[in-house]
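Q: I am new to this structure and would like to get to know one part of it properly. Could you choose a part, take me through it slowly, and then show me what the rest looks like?

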Amino acid sequence: MSVPILTYVHGSDPISRAGVISQLRARPEIRLVSEMEVDEAAVALVVTDVLDEETARAMRALRRGETPRLLLVATVLDEAALVVAAEIGVGGLLRRIDATPEALVRTITRVATGDGEIPSDLLGRLMEQLGRLQRQVLAPRGLTFTGLSPREVDVLRLVADGLDTGEIADSLNYSERTVKNVLHELTTRLQLRNRSHAVAYAVREGLI
């Protein structure tokens with residue numbers, strides 16, 4: 001039998017919290033922890049009617065590092081809540097109307113393993129918002145969601161292939177000064193020590 005997932009439940013009101021706890025208490029996949037044990041929890045489940053400022057503050061306070069991962073169960077999940085949840089780093093979203101014991105356990109399990117879960121109707125809205133962000137904010141600045149411009153990615157890939165500055169310039173039809181400027185701007189912005197550190201960072205983060 002797998003190890004139960006340590007889960008902390010926070011409610012915007014005592015009745016909401018008690019309702020979720022009652023659904024999870026009998027589930028062998030989950031072990032509920034108290035507020036004193038929240039630092040040991042793999043998942044912090046927050047149940048509320050709406051994602052207001054008070055709930056957002058509570059969620060930020062719960063997420064002190066990589067764990068506990070956050071799961072939001074709310075009566076109202078709209079585009080505004082989606083944006084706030086993404087900014088906080090919520091790993092899973094579930095409407096209260098859909099929060100059966102089975103759905104709660106499934107979503108807690110996915111969130112605990114680093115997988116996300118979002119209602120299907122909100123997924124399309126999220127993709128639309130990301131598209132607008134890319135077109136209206138990032139693209140005009142020459143950036144992508146990776147935080148690197150296409151030119152920076154091209155240069156880093158060639159550095160990773162072992163090419164020197166002159167060879168990179170020839171390959172991309174840039175001047176050597178341009179290649180040096182690209183690498184300087186990149187290492188300065190990301191606070192990296194040198195081009196080798198930049199390549200290691202990009203590989204580790206899956207950017208190239």
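**A close look at helix 8 and its surroundings**

A: Asn 173 is exposed, with a relative accessible area of 70%, and it makes a good place to begin. Please keep in mind that we are looking at a predicted model. You will find Asn 173 in the loop that joins helix 7 (165-172) to helix 8. Its backbone deserves a glance: phi is positive, about 60°, although Asn 173 is not a glycine. As a rule, most residues other than glycine have a negative phi.

From that loop, let us move on into helix 8, which covers residues 176-189. Leu 183 belongs to this helix. Is Leu 183 buried or exposed? Leu 183 has a relative accessible area of 7%, and because buried means under 20%, Leu 183 counts as buried. What does Leu 183 touch, leaving aside residues up to four places away in sequence? The answer is Val 155, Leu 156, Val 159 and Arg 195. Helix 6 spans residues 150-160, so Val 155, Leu 156 and Val 159 can be looked up there by number. Take Leu 156 as an example: 27 residues separate it from Leu 183 in sequence, while their C-alpha atoms are 8.1 Å apart in space.

Beyond helix 8 comes another loop, leading to helix 9, and Gln 191 sits in it. Here again is a residue other than glycine with a positive phi, this time near 55°. Gln 191 counts as exposed, at 71% relative accessibility.

Now for helix 9, residues 195-204. At its start, a side-chain oxygen of Asn 194 comes to within 3.1 Å of the backbone nitrogen of Ser 196. Which residues of helix 9 are buried? They are His 197, Ala 198, Val 199 and Ala 202. These buried residues pack against both helix 6 and helix 8, which brings us back to the helix where we found Leu 183. Just after helix 9, Gly 206 takes a positive phi of about 75°.

With that part in mind, we can step back to the whole chain. It has nine helices and five strands, and from the N terminus on the elements run β-α-β-β-α-β-α-β-α-α-α-α-α-α. The strands form an open sheet with parallel pairing, in the order 2-1-3-4-5. Strand 2 (30-33) and strand 5 (90-95) are the edges, each pairing on one side only. On average, neighbouring strands of this sheet are turned by 30° against each other, ignoring direction.

Strand 4 (residues 69-74) pairs with strand 5 in the parallel sense over five bridges, and Ala 74 has Arg 95 of strand 5 as its bridge partner. Helix 2 (residues 53-62) packs on the sheet and touches strands 1, 3, 4 and 5; its direction makes about 175° with that of strand 3. Helix 1 (residues 14-24) lies across strand 1 (5-11), strand 2 and strand 3 (43-48), at about 155° to strand 1.

Finally, some totals for the chain. Of its 208 residues, 38% count as buried. Among contacts with a separation of 6 or more, 63% join residues 24 or more positions apart. The accessible surface comes to about 11800 Å², with 52% of it belonging to carbon and sulfur atoms.

Technical notes:
Residues numbered from 1 in each chain as written. Predicted model: local features only at pLDDT ≥ 70, side-chain atom pairs only at ≥ 80, totals over all residues. Heavy atoms only, no water. Pairing = 2+ DSSP bridges. Helix = DSSP H or I, 4+ residues; strand = E, 2+ residues; numbered from the N terminus. Axes fitted to C-alpha atoms, helices over the stretch in contact; angles between N-to-C directions. Contact = heavy atoms within 4.5 Å. Buried < 20%, exposed > 50% of the residue type's maximum accessible area, 1.4 Å probe, protein only. Polar contact = N/O pair within 3.5 Å; in protein donor to acceptor, adjacent residues only side chain to side chain. Areas by Shrake-Rupley, 256 points an atom, 1.4 Å probe, with all protein chains shown as cover.
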